[in-house]
Amino acid sequence: MKNRFLFAFKILVLLASVTFLAEAQSAEYDVVKRFKILEDKFATHDMLTPFGHDFIFDINLLVNKNLTTVISDAKDVSKVEGDAAKITAGQAFLRKYDKTEQNLRVRLTLGAPLPTFHAWGVKIVPDLRIAASLQALLGIRSETYTFAQILNFVGSDVPAVLRNAILSCSEPAAGEDIVKHLVDASCITDPTQVALAQTYYNQYFRPADSSVPLISTYAKGEGRAGFYFNYEKGEHFFGNFNLYGLGRADIKSIVSAEALAKDGDVIDLGKEMNTTVNLAADYKFGYKNGNLLGFASIEELKIARMTDNESKGVTLNYGEDPLIRLHGEYLYKFVGFDLKPFAGTHLRSGYGAGDGFYAGGDVGYYVWNDRIGLRFRGMLDKEHLTISPAAKLWFMHIEYMLKTPLKSEVDGVKPSTLHSLNFRLFF
């Protein structure tokens, strides 16, 4: 037992050393890249508390501590009387929350077990899973921009015909409506295109003051449904193969004080969603020897496109690249307590393995075949210290998670303190 524990510790230290050497280069704030990193960190925490072979009802909510205040203050901007006063209020709002991030994540998962069976010496444990989620990220910071970047201020739902016209048109004046400028400057004259443009009036404005911070906004809705197959081969090999439909729609834009003054919405879900549905798969291959285990996996691997909305010129901002994971852990039992140190990394297009590194440990005490117990988790990654107590009460699981920033600034913004609550029923 002692030799196995020392071997596990060496493996975890080696994994940590390798991933820390893979530091990603710092860059300007990219809201989609930033969203991917954070969302995959949240998903890693979820992965460490897997579902069982049960009927499942699971709901998860994650927010930063002042999100509701930010939304309320943004709404108050549009209630100010007078156009000039509204813009002044919008500028004051942005300066107040400069260099901050706002996070929201809501997810609902339902599941049902299917009969276990054996094939070719492999034990296969299937489940049916259905999940829906909504995530959003707002990054508020000052940044320089040029006319060539004007499309950053236009919602990604705006059709390609209008986006192309904006780039080929003359520059809108400071504070001017970007889409309305197309018509006023006669950059589009076709009646159909003019009518289309009019549906996007009073939404997107060129900032009047380059010294005022801007809001980089990104929101993604997602749904997935399919079959999840966990497998075991002998006493050493394990993993899963999941096959499901994965539907996504997202939108991004940069919100200026002028746009904020019009309606007070920090996120506009848009008129023409870029909904894309793919047939996707996950595959995990794991090896365990006694209490030591490790695995490599690939998730959200696109197999085939089922439907999209690209004919209307709107595509996913998130992309379709898979998530890759590498994880190792060791379970040490001592006088009724479970101690489980772990470490791993994940990567996806837009960030590297160094950004995805994490290490930590669980301490738990369980009785009655692990149906009742308490668990405390501590985890570190490059940005946060995560503390997460959880209670398991026969058919109910409840968990609180606190992510406290370790860095004062990342890509020009201060990472937020995040709070999450997970409630799960399983029968």
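**Close-up views of a predicted model**

**View 1. Trp394 in a loop between two strands.** Trp394 is situated in the loop that separates strand S14 (384–393) from strand S15 (396–405). The structure shown here and in the following views is a predicted model. The phi angle of Trp394 is near 60°, a positive value in a residue other than glycine. Trp394 counts as partly exposed because its relative accessibility is 43%, and partly exposed residues are those between the limits of 20% and 50%.

**View 2. Glu300 within strand S8.** Glu300 belongs to strand S8. Its phi is near 60°, which is positive although Glu300 is a residue other than glycine. With a relative accessibility of 12%, Glu300 counts as buried, the limit for that class being under 20%.

**View 3. Antiparallel pairing of S6, S7 and S8.** Strand S6 (residues 237–255) is joined to strand S7 (residues 276–289) in the antiparallel sense by twelve bridges. Within this pairing, Val277 in S7 stands opposite Gly247. S7 also pairs with strand S8 (residues 292–307), again in the antiparallel sense and over twelve bridges. Asn289 has Leu292 in S8 as its bridge partner. The hairpin formed by S7 and S8 has two residues between the strands, and Gly290 in this hairpin adopts a positive phi near 65°.

**View 4. Strand S9 and its two antiparallel partners.** Strand S9 (residues 323–330) is mostly covered, with six of its eight residues buried. S8 pairs with S9 in the antiparallel sense over eight bridges, and Glu299 has Leu323 in S9 as its bridge partner. S9 is also joined by six bridges to strand S11 (residues 337–347), and these two strands run antiparallel. In this second pairing, Leu347 in S11 stands opposite Ile324.

**View 5. Surroundings of Tyr228 in strand S5.** Tyr228 is part of strand S5. Its relative accessibility is 17%, so Tyr228 counts as buried. Leu128 is 100 residues away from Tyr228 in sequence, yet their C-alpha atoms are 6.2 Å apart in space. When neighbours within four places in sequence are left aside, the contacts of Tyr228 are Val125, Pro126, Asp127, Arg129, Phe241, Asn242 and Tyr244.

**View 6. The largest nonpolar core, with Leu182 as a contact centre.** This core has 20 residues, and Leu162, Ile166, Leu182 and Ile188 are those with the most contacts inside it. Helix H5 (160–168), together with helix H6 (178–184) and helix H7 (191–198), gives two or more residues to the core. Apart from residues up to four places away in sequence, Leu182 touches Leu162, Ala165, Ile166, Cys169, Cys187 and Ile188. A second, separate core has 16 residues, including Phe93, Leu94, Leu138 and Ala261.

**View 7. The second largest pocket and its lining.** The space in this pocket is about 510 Å³. Its lining has 27 residues, of which Val31, Leu151, Asn152, Lys252 and Ile254 are the closest to the centre of the pocket. H5, strand S5 (214–233) and S6 each supply at least two residues of this lining. By class, the lining comprises eleven nonpolar, ten polar and six charged residues.

**View 8. The second largest cavity and its lining.** The structure holds seven cavities of 30 Å³ or more, and the second largest of them has a space of about 60 Å³. Residues lining this second largest cavity are Phe35, Leu38, Glu39, Phe42, Leu62, Asn103, Leu104, Arg105, Gln135, Ala136 and Leu137. Helix H2 (31–47), strand S2 (100–113) and strand S4 (122–141) are the elements that give two or more residues to the lining. H2 gives the most, with four residues. The lining of this cavity divides into seven nonpolar, two polar and two charged residues.

Terms used. Residues are numbered from 1 along each chain as its sequence is written. This is a predicted model: local features need pLDDT of at least 70, side-chain atom pairs count only at pLDDT 80 or more; totals for chains, interfaces and linings use all residues. Side-chain values use heavy atoms; hydrogens and water are left out. Two strands pair if DSSP finds at least two bridges between them. On a 1 Å grid over the protein atoms alone, a cavity is a set of points where a 1.4 Å probe fits but cannot get out, and a pocket is an open set with protein on both sides within 12 Å along at least five of seven lines; lining residues have an atom within 4 Å of a point. Grid points are joined across faces, edges and corners, and a volume is the space filled by probe spheres set on the points. Ala, Val, Leu, Ile, Met, Phe, Trp, Tyr, Cys and Pro count as nonpolar, Asp, Glu, Lys and Arg as charged, and the others, Gly among them, as polar. A nonpolar core is a set of buried Ala, Val, Leu, Ile, Met, Phe, Trp, Tyr and Cys residues joined through side-chain atoms within 4.5 Å. Buried means under 20% relative accessible area, exposed over 50%, partly exposed in between (1.4 Å probe, protein chains only). Contact means heavy atoms within 4.5 Å.
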